[in-house]
2 protein chains.
Amino acid sequence: MSPPKPDRTALRERYDRRQAQVVLDAARVFARQGYDQTSVPQLADDLGLAAGSLYHYFGSKEQLLIAICDQLMDPLLDEARAITASDDDATSQLQALVRLWVAHVIERRNHMLVFQQERHVIDHGDQWRQVRDHRKEFERLVESVLERVHRDGETRLADARLSLAALLGMVNHTAQWYRPRGRLSAAEIADGYVELIVAR
Amino acid sequence: MSPPKPDRTALRERYDRRQAQVVLDAARVFARQGYDQTSVPQLADDLGLAAGSLYHYFGSKEQLLIAICDQLMDPLLDEARAITASDDDATSQLQALVRLWVAHVIERRNHMLVFQQERHVIDHGDQWRQVRDHRKEFERLVESVLERVHRDGETRLADARLSLAALLGMVNHTAQWYRPRGRLSAAEIADGYVELIVAR
DNA sequence: GAGCATACCGAATGATCATTCGGATTTCGA
DNA sequence: TCGAAATCCGAATGATCATTCGGTATGCTC
């Protein structure tokens, strides 16, 4: 792993772009074959590279896995922060948040599948603190919005934490059944989920 | 793998019991460490056995994984069949089904976690047809009950298939957050889920 | 308690894997 | 177009793993 050294901006950008593309492609392969069942030479083959070349972009197979999780969580977390910082009422924030979230899960379906498959590594690994923290922060954002909806008397369930668990479950599960060109759009799915949680 | 040959019933039973216990223990270890990250010698060690001894009960590591999935799905499917064969109205059947299902997911939490982690193997492997078929049949049972609830005009969502996806997501996700001695009982959780889906 | 099938052991085997590295090739800046 | 840096290659390395097998220990049946 040896990214360009000085401030050669153009080179740096090319490197970053290529790296991001490798992450994207690797997510697709891992989602289908499994992270552990995919050897590095085989992965490189699928990406049109040689085994050694991958190590130009990633120090190890595990760091590649971390990069997949970062590519999933970082932009989601950024946008979620923006939504929850707005002045809208809690229920509107919840709807915006779930729409964003579902769209993200669908767009990065492969990342989600890898993320879920490797839950045990993420939960226990030493190098995984940042990924864990980001997931935790995102869940806390959803939780706090949901608690405000609850205080406004607009949740269906008496227990706000059960609402949270249910919402986490259904949204994240979307990655496993959604197919492009399906009957429902991301927004329709998201609005359905919100309708289940929120009392009208 | 050499189970007792003739009809020595007592021996056969002892063998089966021990085998089932190995499956149970293996599920716990795999849920924590991951199936691929757990070597057979290490697994054997955790079970208080030697590596070779495991092969007395299982022809391969993959067959052990299949046994874990069978131990999860088979009893669930049997009980689900009984519920959906009853004369109760659709909504009552749905509640009974979800209660059973949540209780099962909680009781066999480790199996569920392994099942979810190894989704890609189950989906694509050759020896996995039976596990796939059983999962499919269970989902169809839930689907058909849900469709009847829908026809009775008692679902919250206009789309019965979205209700199904949401329900599958939240129930299965329960394995990931439930802790024994938690605030909510299995039945309370199940009833909460049903409350979200069904219009009162 | 003799005889025997079962239950278990653990070192040996062969395959596979992640990673390394010396060098070939390509691309970029000037 | 030229030199240097970046990119890529792929065979070699050392470790790890699933599985096997020849053998011992255990405990049931008679």
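Arg181(A) sits out in the open: just 4 other C-beta atoms lie within 10 Å, so the residue counts as exposed. In this predicted model, Arg181(A) belongs to the loop that links helix H9 (160-177) to helix H10 (186-197) of chain A. The backbone there does something a little unusual, with a positive phi of about 60° in a residue that is not a glycine. For context, most residues other than glycine have a negative phi. The other copy tells a matching story. Arg181(B) has a phi near 60°, again positive and again in a residue other than glycine, and its place is in the loop between helix H9 (160-177) and helix H10 (186-197) of chain B. Arg181(B) is exposed too, because it has 4 C-beta neighbours inside 10 Å, whereas burial would take 20 or more.

As for the overall build of chain A, it's helices and nothing else: ten helices and zero strands. Read along the sequence, the pattern is simply α-α-α-α-α-α-α-α-α-α. Along the principal axes, the C-alpha atoms of chain A fill a box of roughly 55 × 35 × 35 Å. Of the 200 residues in chain A, 34% are buried. Contacts that span a good stretch of sequence are well represented: among those in chain A between residues at least 6 apart, 71% join residues at least 24 apart.

One helix of chain A deserves a closer look for its burial. Helix H6 (residues 109-117) has seven of its nine residues buried, so it is largely enclosed by the rest of the structure. The buried set in H6(A) consists of Asn110(A), His111(A), Met112(A), Leu113(A), Val114(A), Phe115(A) and Gln117(A).

How do the two chains relate? A rotation of 180°, with 0.0 Å of shift along its axis, puts chain B on chain A with an RMSD of 0.0 Å. That is the relation of a two-fold axis. Within chain B, the C-alpha nearest that axis belongs to Gln117(B), at 2.1 Å from it. The copies meet through the same surface, because 100% of the interface residues of chain B are also interface residues in chain A.

The contact itself involves 28 residues of chain B and 28 residues of chain A. On the chain B side, the elements giving two or more residues are helix H1 (9-33), helix H6 (109-117), helix H7 (119-124), H9 and H10. H9(B) chips in with the largest share of that side, nine residues. By chemical class, the chain B side that touches chain A splits into 13 nonpolar, nine polar and six charged residues.

Both chains also take part in the surroundings of the DNA. Around DNA strand D there are 22 residues, and the closest are Gly52(A), Ser39(B), Gly52(B), Ser60(B) and Lys61(B). The elements that supply two or more residues to the surface near this strand come from both copies: helix H1 (9-33) and helix H3 (51-57) from chain A, plus helix H2 (40-46) and helix H3 (51-57) from chain B. In make-up, the surface near DNA strand D comprises eleven nonpolar, seven polar and four charged residues.

Note on methods. Residues numbered from 1 in each chain as written. Chains lettered and ligands numbered in written order. Predicted model: local features only at pLDDT ≥ 70, side-chain atom pairs only at ≥ 80, totals over all residues. Helix = DSSP H or I, 4+ residues; strand = E, 2+ residues; numbered from the N terminus. Buried ≥ 20, exposed ≤ 12 C-beta atoms within 10 Å, placed from the backbone. Least-squares fit on C-alpha atoms with pLDDT ≥ 70 in both. Contact = placed C-beta atoms within 7 Å. Nonpolar A, V, L, I, M, F, W, Y, C, P; charged D, E, K, R; others polar. Near = placed C-beta within 6 Å.
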